[in-house]
Amino acid sequence: PPSLAYEVLPPIIARFCTAYPDIELAVEVSNTFHNLADHQIDVSLRVAFEVNDDVIGRRVLKYAKGIYASKDYIQKNFSAGDTHGEGLNWIGWGDKDTTPDWVAQSPFPRARICHSVGEGLMQVQLARQGFGMSYLPCYVETYCPELERLPDTTVEWDRSIWLLLHADLQKTTRVRLFIDFLAKELRE
């Protein structure tokens, strides 16, 4: 997925290519779930709750999400006494004219969806620019120091990051090297 690919993976891929210069990578970034059975892709990194495809899968880690906004947005707009979010803006997904379940069940049910953005990377970028708050993976703290979790909010476990490959490739050396390296780096 783009939100993981553009922030997290480039330094990992660079380290892999330095360690294994004879292994060439062709990387495709997409929110699409590819079918590994057609052998067009050797390895897929997928974010999902479960994987039920006919593939070999390794759950690398389960990640947490929290409500994040830019430090500037929090300083200008967040009042510790207001626990319902009146005057705050969500960057999220869904219809701006109704209250989706994820807003109603959040700590800020009175905040409005100001920007409806279905792609995670765009949500991160808008939050970085101070346009509002969004549910984001907690690993954004590492890559986006201008973002912070809203005060007095908790994190929730979300989906898992999976590494998938077709069963025919599980003993292929170049594929094993890549999967083992990627899994270790993602956990770190």
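**A walk from Tyr63 through the fold**

Y63 has a relative accessibility of 7%, which is under 20%, so this residue counts as buried. The value is computed from a predicted model, and the same holds for everything that follows. Y63 offers a convenient place to begin, and the path from there leads to the aromatic rings.

A pair of aromatic rings is described by two quantities, the distance between the centres and the angle between the planes. How many aromatic pairs does the structure hold? There are ten. One pair can be followed in detail: the ring centres of Y63 and Y139 lie 6.0 Å apart and the planes meet at 65 degrees; because an angle over 60 degrees counts as edge-to-face, this pair is given that name. The two partners come from distant parts of the chain, being 76 residues apart. Y63 belongs to strand β2, which covers residues 56-70, while Y139 sits in the loop between β5 (134-137) and α6 (140-143). Their surroundings may also be compared by accessibility. Y63 is buried at 7%, whereas Y139, with a relative accessible area of 21%, is partly exposed because its value falls between the limits of 20% and 50%.

Other rings form a group. F78, W90, W102, F108 and Y135 are linked into a cluster by ring pairs. Is W90, a member of this cluster, buried or exposed? Its relative accessibility is 0%, so W90 counts as buried. W90 lies in strand β3, residues 89-92. Along the chain W90 and I67 are 23 residues apart, and their C-alpha atoms are separated by 9.6 Å. Y135, also in the cluster, has a charged neighbour: K65 lies over the face of the Y135 ring, at 4.9 Å from the ring centre.

The individual residues can now be placed in the whole. The protein has seven helices and seven strands, and from the N terminus their order is α-α-β-β-α-β-α-β-α-β-α-β-β-α. Along the principal axes, the C-alpha atoms fill a box of roughly 55 × 30 × 20 Å. Of the 188 residues, 43% are buried. Among contacts between residues at least 6 apart in sequence, 75% join residues at least 24 apart.

S160 gives a local view of such contacts. This serine lies in strand β7, residues 156-165, and its relative accessibility is 2%, so S160 counts as buried. Leaving aside residues up to four places away in sequence, S160 touches R46, V47, A48, R59, L61 and K62.

Exposed positions occur in loops as well. D152 stands in the loop between β6 (147-149) and β7. It has a positive phi of about 60 degrees, although it is not a glycine. With 72% relative accessibility, which is over 50%, D152 counts as exposed. A26, in the loop between α2 (9-19) and β1 (43-48), is likewise exposed, with a relative accessible area of 81%. From A26 to T153 the C-alpha distance is 40 Å, and the two residues are 127 apart in sequence.

The outer surface and the charges complete the description. The accessible surface of the protein comes to about 10600 Å², and carbon and sulfur atoms account for 48% of that area. The protein carries 19 positive and 26 negative charges, and the mean positions of these two sets are 4 Å apart.

Note on methods. Residues are numbered from 1 along each chain as its sequence is written. This is a predicted model: local features need pLDDT of at least 70, side-chain atom pairs count only at pLDDT 80 or more; totals for chains, interfaces and linings use all residues. Side-chain values use heavy atoms; hydrogens and water are left out. Rings of Phe, Tyr and Trp (its six-membered ring) pair if their centres lie within 6.5 Å; planes under 30 degrees apart count as stacked, over 60 as edge-to-face and the rest as tilted. Helices (H or I, at least four residues) and strands (E, at least two) are DSSP runs, numbered from the N terminus. Buried means under 20% relative accessible area, exposed over 50%, partly exposed in between (1.4 Å probe, protein chains only). A charge sits over a ring if NZ of Lys or CZ of Arg is within 6 Å of the ring centre and within 35 degrees of the ring normal. Contact means heavy atoms within 4.5 Å. Accessible areas come from the Shrake-Rupley method with a 1.4 Å probe; for residues, only the protein chains shown count as cover. Lys and Arg count as positive and Asp and Glu as negative; His and the chain ends are not counted. The place of a charge is taken as NZ of Lys, CZ of Arg, CG of Asp or CD of Glu.
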